[in-house]
Amino acid sequence: MNEHYYSQRPSVQHDEKIIDATFFGRTFQFKTDAGVFSKNRIDFGTTALIDTIHYPRSAKILDLGCGYGPVGIVSASVLAEGQVQMVDVNERAVELAKYNILHNQKVLNERVAINVFQSNGFEKVLDRDFDLILLNPPIRAGKILVYQLFEESYLHLKNNGQLWIVIQKKQGAASAMKKLESLFQRVEEVDKLKGYSIFQVTKKCKNENFKP
């Protein structure tokens with residue numbers, strides 16, 4: 001069976017390792033494993049996304065497709081207060097993220113609540129008042145799924161909330177931008193690094209009942 005990192009229950013043999021990473025002057029350690037995305041190092045796109053996000057002092061954040069947790073965990077270290085929810089379809093990734101939250105506790109802000117749970121996209125995400133949704137989309141899962149995540153992100157953001165996305169030019173950044181522009185009121189390419197585009201996408205709607 002050909003498995004991908006978005007498989008719910010990877011059966012590939014375990015190959016655990018510890019990787020180090022530094023963000024915003026803080027050192028993090030992450031346990032990774034076979035069957036999860038970018039197990040040997042934090043990939044360039046994820047690193048670029050973390051470095052580019054405009055973090056407010058306080059926020060409610062969703063790390064959508066968290067993998068072993070770098071985006072959500074770094075976010076929880078940057079915020080002064082707030083909440084970070086982390087979700088992934090991959091149960092192995094979720095267990096790694098739980099471990100990594102505990103393992104990096106010393107650099108997390110105790111005034112930021114952080115939790116992780118398994119969810120196929122937004123399936124088990126109940127809240128619809130996120131300030132930020134952070135996404136390195138699962139391109140290999142196909143455009144239909146990725147665009148569905150864009151659409152559902154709109155519904156789970158509060159008014160003036162933002163979706164932050166990283167995507168490669170060769171993986172459809174231009175068409176993704178057009179899709180986002182059909183859903184959101186403001187779409188901005190805030191940075192472009194080594195073929196990766198970082199999009200800051202803002203929901204601005206006077207009518208809270210409006211749906212794209």
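Rings of Phe, Tyr and Trp (its six-membered ring) pair if their centres lie within 6.5 Å. With that in hand, here are some close-ups of this predicted model.

**View 1. A cluster of aromatic rings.** Phe23, Phe28, Phe30 and Tyr68 are linked into a cluster by ring pairs. The structure holds seven aromatic pairs, and one of them joins Phe28 and Phe30. That pair is stacked, with 6.0 Å from centre to centre and 10 degrees between the planes. Are these two residues buried or exposed? Phe28 is buried, at a relative accessible area of 0%, and Phe30 is buried with a value of 0% too.

**View 2. An open sheet of seven strands.** Follow the strands in the order S5-S4-S3-S6-S7-S9-S8 and you will meet mixed pairing along the way. Strands S5 (112-118) and S8 (186-193) stand at the edges with a single partner strand each, so one side of each has no neighbour in the sheet. On average, neighbouring strands are turned by 15 degrees against each other, direction ignored.

**View 3. Strands S3 and S4, with a helix on the sheet.** S3 (residues 58-64) and S4 (residues 81-88) run parallel and are joined by seven bridges. Look for Ser58, whose bridge partner in S4 is Glu81. Helix H4 (residues 143-156) packs on the sheet and touches S3, S6 (130-135) and S7 (157-168). The direction of H4 makes about 155 degrees with that of S7.

**View 4. Two lysines over aromatic rings.** The charged end of Lys31 sits over the ring of Tyr99, 4.0 Å from the ring centre. Lys60 lies over the face of Phe130, and here the distance to the ring centre is 5.4 Å.

Technical notes: Residues numbered from 1 in each chain as written. Predicted model: local features only at pLDDT ≥ 70, side-chain atom pairs only at ≥ 80, totals over all residues. Heavy atoms only, no water. Pairing = 2+ DSSP bridges. Helix = DSSP H or I, 4+ residues; strand = E, 2+ residues; numbered from the N terminus. Axes fitted to C-alpha atoms, helices over the stretch in contact; angles between N-to-C directions. Contact = heavy atoms within 4.5 Å. Phe/Tyr/Trp six-rings, centres within 6.5 Å; stacked < 30°, edge-to-face > 60°. Buried < 20%, exposed > 50% of the residue type's maximum accessible area, 1.4 Å probe, protein only. Lys NZ or Arg CZ within 6 Å of the ring centre and 35° of its normal.
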